[in-house]
Amino acid sequence: MRPGRAPRGLRAGAAALLALALASCSGGEERPAAPTTAAPTTAAPPPVFPLTGQPATGGLAARPALSIKVDNTRAARPQAGLNDADLVHEELVEGGLTRLLVTYHSRDAAEVAPVRSVRPVDGPLLRQLGGGLFGFSGGAAGVLERVRRSSGATFLDPGQAPAAYRRLADRPAPYNLATSTAALYRAGGRAEPGPPPPFLTFAGQPPAGGRQAARVGLRFSPSSRAAWRWDGAAGRYLREQDGAPDRLADGRPVTTDNVVVLRVAIRLDENRDVLGNRTPDPVVVGNGRAWLLRDGQVVAGTWRRASAAQPLRVLGQDGEPLALRPGRTWVELLPSTERPAFG
């Protein structure tokens, strides 16, 4: 044995004792690796049509909105195509009568009639739809230029798209001009506007704060009245015009899922009709009272639109958007001198 060096057996024993001591200090076993938790994934909500809140099917969601001016005088009724529209605005025009801006996106109409001329309010109404495509039958030169400049819409009147229109043999002029959504979408095929931006809010359940209301009466003037009555069995609203049920050319009643009433100021435009009447121009930028009718209930609120570049919002008493029922909507631009009558 070499001096100063432990025997081999003793060295081995010491190494074993050292290893045992180390193991004792570490708890005697290896610590398991910390478990990994995958980050939770949230499925994207299914796409919906922005003007109805209903599932976006059929490959139509990417196309632009198509709005068409439709007459609403006694001579113009019964109309065609109203129940196929996503959105309808009713606006006051000369003589205390009303005219409709009828907007399609999620589905098509084989016939829309009778097509009539533009009014100043069409500019800001079209702008919140992203401009889109616009079918109409003419208008005063100054009004046309203003609507073209303010709306951002692609004009598709008979002068621009003659093949998209036809005259109906069973109606007198000027109440006999008809078109279809397919014809106007073909005519606007080279236009590049995108789909309408979402500016309405939809939900399956009605907002809080509502009360039962089976009917609403709307007086636009002494010569024009409309009403909507809730049909609980059908789950929709039925329209009345001047005291009588409003029906389409095919005999079906005019219906909708939502009615939004906006009280708006009416200013008089410089444009005049053939009788010298100045054109009423509903003011849709600013704020005012609003009511939402859905599911047989009415909820009171306000509407706000800070500028023409921003969309109109319909808000509840808490300042949050009022949720419409997924489906079709009529927006009634009621003169601020009138009040809706709920029953």
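# A guided tour of the predicted model

Begin by selecting strand S9 (residues 215-221): 5 of its 7 residues are buried, so the strand is largely enclosed by the rest of the structure. Here buried means under 20% relative accessible area, exposed means over 50%, and partly exposed lies in between (1.4 Å probe, protein chains only). Strands (E, at least two residues) and helices (H or I, at least four) are DSSP runs numbered from the N terminus.

This is a predicted model, in which local features need pLDDT of at least 70 and side-chain atom pairs count only at pLDDT 80 or more, while totals for chains, interfaces and linings use all residues. Residues are numbered from 1 along each chain as its sequence is written, and side-chain values use heavy atoms, with hydrogens and water left out.

## The neighbours of S9

Keep S9 selected and add strand S10 (residues 224-231). The two strands run antiparallel and are joined by 6 bridges; two strands count as paired if DSSP finds at least two bridges between them. S9 and S10 form a hairpin with 2 residues between them. To locate one bridge of this pair, select Ser221, whose partner in S10 is Ser224.

Next, add strand S21 (residues 341-342), which pairs with S9 in the antiparallel sense over 2 bridges. Gly217 has Ala341 as its bridge partner in S21.

Now display the side chains of Arg219 and Glu338, which meet in a salt bridge (2.5 Å, N to O). Arg219 lies in strand S9 and Glu338 in the loop between S20 and S21, so the pair ties together parts that are 119 residues apart in sequence. A salt bridge is a side-chain nitrogen of Lys or Arg within 4 Å of a carboxyl oxygen of Asp or Glu. Arg219 counts as partly exposed, at 27% relative accessibility, whereas Glu338 counts as buried, at 14%.

## Strand S14

Move to strand S14 (residues 258-264), where 7 of the 7 residues are buried. In a regular strand the side chains alternate between the two faces of the sheet. Colour Asn258, Val260, Leu262 and Val264, which point one way from S14, and then Val259, Val261 and Arg263, which point the other way; all are buried.

Which strands pair with S14? Strand S20 (residues 329-335) pairs with S14 in the parallel sense over 7 bridges. Strand S17 (residues 286-294) pairs with S14 in the antiparallel sense over 4 bridges. For a bridge on the S20 side, select Arg263 together with its partner Leu334. On the S17 side, select Val260, which stands opposite Leu292.

## Further salt bridges

The structure holds 20 salt bridges. One of them joins Arg119 and Glu94, with the closest N and O atoms 3.0 Å apart. Arg119 lies in the loop between S3 and H2, and Glu94 in the loop between strand S2 (87-92) and S3, so the pair ties together parts that are 25 residues apart in sequence. Both Arg119 and Glu94 are buried.

Select helix H3 (residues 141-151) next. Arg149 and Glu145 both lie in H3, 4 residues apart, about one turn of the helix. The side chains of Arg149 and Glu145 meet in a salt bridge (3.8 Å, N to O). Arg149 is exposed, with a relative accessible area of 58%, and Glu145 counts as partly exposed, at 41% relative accessibility.

Then select Glu90, Arg239, Asp246 and Glu332 together; these residues are linked in a network of salt bridges.

## A loop residue: Ala110

Is Ala110 buried or exposed? At 73% relative accessibility, Ala110 counts as exposed. Its place is in the loop between strand S3 (98-104) and helix H2 (122-127). Ala110 touches Thr179 and Ser180, not counting residues up to four places away in sequence; contact means heavy atoms within 4.5 Å. Add Gly81 to the selection: it is 29 residues from Ala110 along the chain, and their C-alpha atoms are separated by 7.3 Å.

## The whole chain

Finally, clear the selection and view the whole chain. Its secondary structure comes to 4 helices and 21 strands. Of its 343 residues, 49% count as buried. Among contacts between residues at least 6 apart in sequence, 65% join residues at least 24 apart. The accessible surface comes to about 16900 Å², of which 54% belongs to carbon and sulfur atoms. Accessible areas come from the Shrake-Rupley method with a 1.4 Å probe, and for residues only the protein chains shown count as cover.
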